[in-house]
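Please look over the model below before reading on. The report then takes up its packing, its rings and its backbone.

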Amino acid sequence: MAELTCNKESKEMTLHWYAIYTKHNSEQALQKCISDYSQINGLNYETYLPLREEVKQWRDRTRIKKVPLFRNYIFVRHDDNAFHQIVKMKGVCDYVRFGPQPSKISTEQMEMIQKVVKHQSDIYSPPSKFVKGTKVEITKGALAGYQGVLLEDQSNNNLAVEIKSLKLFFNIKVPKDALQEQ
């Protein structure tokens, strides 16, 4: 009878980032559920839920609330064995897929999202030499080297950054001296 051996390296699975499409307003509960599951079972899964502040105005009060940057999405980093367990959790609709397999998100794109959320500033002066639709590159600051398309809304110009593996965009405010046309 042949003897089967397992070395430590073959047991360790590579961790990849994935996006999960969630049920309405389930992002934070799902993040906690995945984190708790990972901790209880001694797994090293990571979750990331980028939040932004949103001002809610009522007649009698104003409240600042943290809401997901991407509604109905949460990012999770795990090995190939986690799919079946995570998809059964309350609040999960499914993994984001382009084809039959869940779409992997590169570490570089996840780092970009984290930098944008961390360094987003409300101070903004719109670039005057750029027009809507211009492809630009950020040349200064924590996001230097990232590329996007200049968008225009009612009050100012914003830079839209694409997360290619998800086919999603989000807007950030960037000072005009930090942009360069491509």
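What follows is a short report on cores, cysteines, aromatic pairs, a hairpin and two backbone angles. The model is predicted.

**Nonpolar cores**

The largest nonpolar core holds 21 residues. Phe75, Met110 and Ile113 have the most contacts inside it. Four elements each supply at least two of its residues: strand S1 (16–22), strand S5 (73–78), helix H4 (107–119) and strand S8 (135–138). H4 gives the most, with four residues. Another core lies apart from this one. That second core has 13 residues, including Leu30, Ile74, Phe83 and Met89. In soluble globular proteins, nonpolar side chains tend to be buried together.

**Cysteines**

How many disulfides are there? The count comes to zero. Cys33 is partly exposed, at 30% relative accessibility. Cys93 is also partly exposed, with a relative accessible area of 41%.

**Aromatic pairs**

The structure holds five aromatic pairs. One of them joins Tyr18 and Phe83. Their rings meet edge-to-face, 5.0 Å centre to centre, with 75 degrees between the planes. Tyr18 belongs to strand S1 and Phe83 to helix H3 (residues 83–87), so this pair ties together parts that are 65 residues apart in sequence. Tyr18 is buried, at 1% relative accessibility. Phe83 counts as buried too, at 17%; the cut-off for buried is under 20% relative accessible area.

Phe70 and Phe75 make up another edge-to-face pair. Here the centres are 5.9 Å apart and the planes stand at 80 degrees. Phe70 is buried, with a relative accessible area of 6%. Phe75 is buried at 0% relative accessibility. Phe75 also appears among the residues with the most contacts inside the largest core.

The two pairs are set out here.

| Pair | Geometry | Centre to centre | Angle between planes |
|---|---|---|---|
| Tyr18 and Phe83 | edge-to-face | 5.0 Å | 75 degrees |
| Phe70 and Phe75 | edge-to-face | 5.9 Å | 80 degrees |

Which residues form one aromatic cluster? They are Tyr18, Phe83 and Tyr95. Phe83 is therefore a member of this cluster and buried at 17% relative accessibility. Phe83 is also among the residues of the 13-residue core.

**The S3–S4 hairpin**

Strand S3 (residues 51–57) and strand S4 (residues 62–68) pair in the antiparallel sense. Seven bridges join them. The two strands form a hairpin, with four residues between them. Glu54 stands opposite Lys65 in S4.

A charge–ring contact comes next. The charged end of Arg61 sits over the ring of Trp58. The distance to the ring centre is 4.6 Å.

**Positive phi angles**

Two asparagines deserve a look at the backbone. Asn25 has phi near 60 degrees, a positive value in a residue other than glycine. Asn25 is found in the loop between S1 and helix H2 (27–40). Is the residue Asn25 buried or exposed? Asn25 is exposed, with a relative accessible area of 54%.

Asn72 has phi near 70 degrees, again a positive value in a residue other than glycine. Asn72 is found in the loop between S4 and S5. Asn72 is buried, with a relative accessible area of 14%.

Definitions and conventions
Residues are numbered from 1 along each chain as its sequence is written. Side-chain values use heavy atoms; hydrogens and water are left out. A nonpolar core is a set of buried Ala, Val, Leu, Ile, Met, Phe, Trp, Tyr and Cys residues joined through side-chain atoms within 4.5 Å. Buried means under 20% relative accessible area, exposed over 50%, partly exposed in between (1.4 Å probe, protein chains only). A disulfide is a pair of cysteine sulfur atoms within 2.5 Å. Rings of Phe, Tyr and Trp (its six-membered ring) pair if their centres lie within 6.5 Å; planes under 30 degrees apart count as stacked, over 60 as edge-to-face and the rest as tilted. A charge sits over a ring if NZ of Lys or CZ of Arg is within 6 Å of the ring centre and within 35 degrees of the ring normal. Two strands pair if DSSP finds at least two bridges between them.
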